[in-house]
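Dear colleague,

Please find below the structure for your attention. A summary of what was found in it follows directly after.

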Amino acid sequence: MSIVEEVTSASVGDIILVKGTAEGHAHISKKVLSRMLAEKKTAGVYVTINKPFDHVSSQLEKGGVVVDKLFFIDAVTRIVLASPGDAQNCLYTTSPKHLQEISVALSKIAVKNPSVRFLVFDSLSTLLVYNDLASVKKFVHFLVTALRQLRMVGVLFALDKPPSELIEFTEALSDKSVVLGGAE
Amino acid sequence: MTRVPRDWIRIAFLFVFMLAIGLFFFTLPLQEAYYFPAVHLLFIAISAFVAFNVAYVIKRAYELNLDHTMFFLSLGFVIFASIWLFNAFVTPGSGPGLTSVFTWSKTLSVFLSIIVMSFGLFSYGDDDQNTLYDVHDQVYYALFVVLLTFLLLLATNPWIASIIPAATQLLATLDWIAFAFLIVVSVAYYKYHLGFRGLHYDKMSSVLGILAIAQLAHIFSQPWTPLWWLQGVLQCVGFLLLLVVFLKEYSTQKYFDEQISSWSGAVSE
């Protein structure tokens, strides 16, 4: 089974860890999102810690992904831009350091929009640049529990090689883990 | 060059500010009474006004995040503001002696409000039950006016005023209980922060710590002495900080809600 099939065949409340290097990551996330949004006709949330919303959404659109049903939580733009432009499907949090803002935003989205069925987190490893390991572990535990309770599929990217303690911890909490760079 | 986190700069400013206030008060003869009833009336009235604003902003933030702990927090501040304003109005006007009504109101303002604030922490929140706390703004104003009117009637009635006991031992006990609750509630809010439940519970926890220090100053002070005045100053600083924190909380929650509602509307179309 290819990575994309493994991820998109997940059941309600499943957490999938996608680990490996950044190579091929953009391609896989495009394919996964395309299948989730177009074929499964669900709405979802994309939490971006690595790249700004403008960049991610334009890359996805270039790859043929219709992002109307995708809500972005952008934790990176406001590090450099105090007042980013207004986008209907994006919410800018203060910085990756403010994990509480991400959790509150996620809870609000789930309450206000029950059609949201999946979350893509890109990526857990970048959180370690701004937070200590213990805080990130607590956040991952919160995130996994919240996603299961909200009956959402969670796709958590962790791009780190060799695998860090965080990846091992997340893997223990996940239902499935796939490695980037394997058969697509 | 490593960038110093903004939070640390803020904490450093706050620390220096508090240290400056503390040093100023401790340069004064600690046993001497500084009897300025007009200043007391004005200062406490301003503090009460700030506390009422804190209650109002927390109530507005609660309407957005529906965290039931914030409902009780807001209610606690309304109670505090009412009794505190009452305390300003009954400032003794002749001589440094204190009426029992004045002393009781000082103790009860903190005691009753912190007890009410802690209700939210000891009751289990349930999204389905949030409607129970769906209180309209008018109820807040009514609670404030009724409580204040009741207290003023109580104080202006010479018979009632004469039968209220001084009961210093009981007051001291209530003061210590209020101090213990301030610490417990402060720790509980910090745990909420660690549990990713809210945006600014860490700051809320710190301010409750400042209010606990103010309560200690109250416990160990004699009326009108520098330590006694210090309590009022620390409380006022705490309320101003809370006002800033919850205004920020409210604006962030509002921004989140607007963005999510706008997208949800477009998706469901």
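The side chains of B:Glu63 and B:Lys59 form a salt bridge in this predicted model, with 2.5 Å between the closest N and O atoms. Both residues belong to helix 2 of chain B, and because they are four residues apart there, about one helical turn separates them. Their surroundings can be stated in terms of accessibility. B:Lys59 has a relative accessible area of 2% and is therefore buried, the limit being under 20%. B:Glu63, at 37%, counts as partly exposed.

B:Glu63 also meets a second partner. Its side chain forms a salt bridge with that of B:Arg60, at 3.3 Å from N to O. These two residues are three apart in helix 2 of chain B, so here too the separation is about one helical turn. B:Arg60 is partly exposed, with a relative accessible area of 28%. B:Lys59, B:Arg60 and B:Glu63 are thus linked in a network of salt bridges. As a general point, side chains of opposite charge can pair when their charged atoms come close.

A further salt bridge joins B:Lys254 and B:Glu258, whose closest N and O atoms are 3.6 Å apart. Both residues lie in helix 9 of chain B, four residues apart, or about one turn of the helix. B:Lys254 has a relative accessibility of 36% and counts as partly exposed; B:Glu258, at 45%, also counts as partly exposed. Over all chains, the count of salt bridges comes to seven.

Helix 9 of chain B, which covers residues 226–268, also contains B:Gln259. Is B:Gln259 buried or exposed? With a relative accessible area of 9%, B:Gln259 falls under the 20% limit and is therefore buried. Leaving aside residues up to four places away in sequence, B:Gln259 touches A:Phe71, A:Asp86, A:Ala87, A:Gln88, A:Cys90 and A:Leu91. B:Gln259 and B:Lys203 are 56 residues apart in sequence, and their C-alpha atoms are 25 Å apart in space.

As to the chain as a whole, chain B has nine helices and zero strands. Buried residues make up 49% of its 269 residues. Of the contacts in chain B between residues at least 6 apart in sequence, 82% join residues at least 24 apart.

Helix 3 of chain B (residues 68–89) may be considered individually. Its 22 residues, at 1.5 Å a residue, should span 32 Å, and its end C-alpha atoms are 32 Å apart, so the two values agree. This helix is mostly covered, with 20 of its 22 residues buried.

The internal space was examined next. In general, rolling a probe the size of a water molecule over the atoms shows where empty space is left. The structure holds three cavities of 30 Å³ or more.

The largest cavity contains about 110 Å³ of space. Which elements of chain B each supply at least two residues of its lining? They are helix 3, helix 4 (100–122), helix 8 (201–219) and helix 9. Helix 4 provides the largest share, four residues. Among the lining residues are B:Phe77, B:Phe80, B:Val110, B:Met117, B:Leu208 and B:Phe239. The lining divides into nine nonpolar residues, three polar and no charged.

The second largest cavity holds about 60 Å³ of space. Its lining is made up of B:His40, B:Phe43, B:Ile44, B:Lys106, B:Trp228, B:Trp229, B:Gln231, B:Gly232 and B:Val233. Helix 2 (37–65) and helix 9 of chain B are the elements that give two or more residues to this lining, and helix 9 gives the most, with five. By class, the lining residues divide into five nonpolar, three polar and one charged.

To draw these points together, helix 2 of chain B holds the linked residues B:Lys59 and B:Glu63 and contributes to the lining of the second largest cavity. Helix 9 of chain B holds the pair B:Lys254 and B:Glu258, contains B:Gln259, and supplies at least two residues to the lining of the largest cavity.

Yours sincerely

Conventions: Residues are numbered from 1 along each chain as its sequence is written. Chains are lettered from A and ligands numbered from 1 in the order in which they are written. This is a predicted model: local features need pLDDT of at least 70, side-chain atom pairs count only at pLDDT 80 or more; totals for chains, interfaces and linings use all residues. Side-chain values use heavy atoms; hydrogens and water are left out. Buried means under 20% relative accessible area, exposed over 50%, partly exposed in between (1.4 Å probe, protein chains only). Contact means heavy atoms within 4.5 Å. The expected span of a helix is 1.5 Å times one less than its number of residues. On a 1 Å grid over the protein atoms alone, a cavity is a set of points where a 1.4 Å probe fits but cannot get out, and a pocket is an open set with protein on both sides within 12 Å along at least five of seven lines; lining residues have an atom within 4 Å of a point. Grid points are joined across faces, edges and corners, and a volume is the space filled by probe spheres set on the points. Ala, Val, Leu, Ile, Met, Phe, Trp, Tyr, Cys and Pro count as nonpolar, Asp, Glu, Lys and Arg as charged, and the others, Gly among them, as polar. A salt bridge is a side-chain nitrogen of Lys or Arg within 4 Å of a carboxyl oxygen of Asp or Glu.
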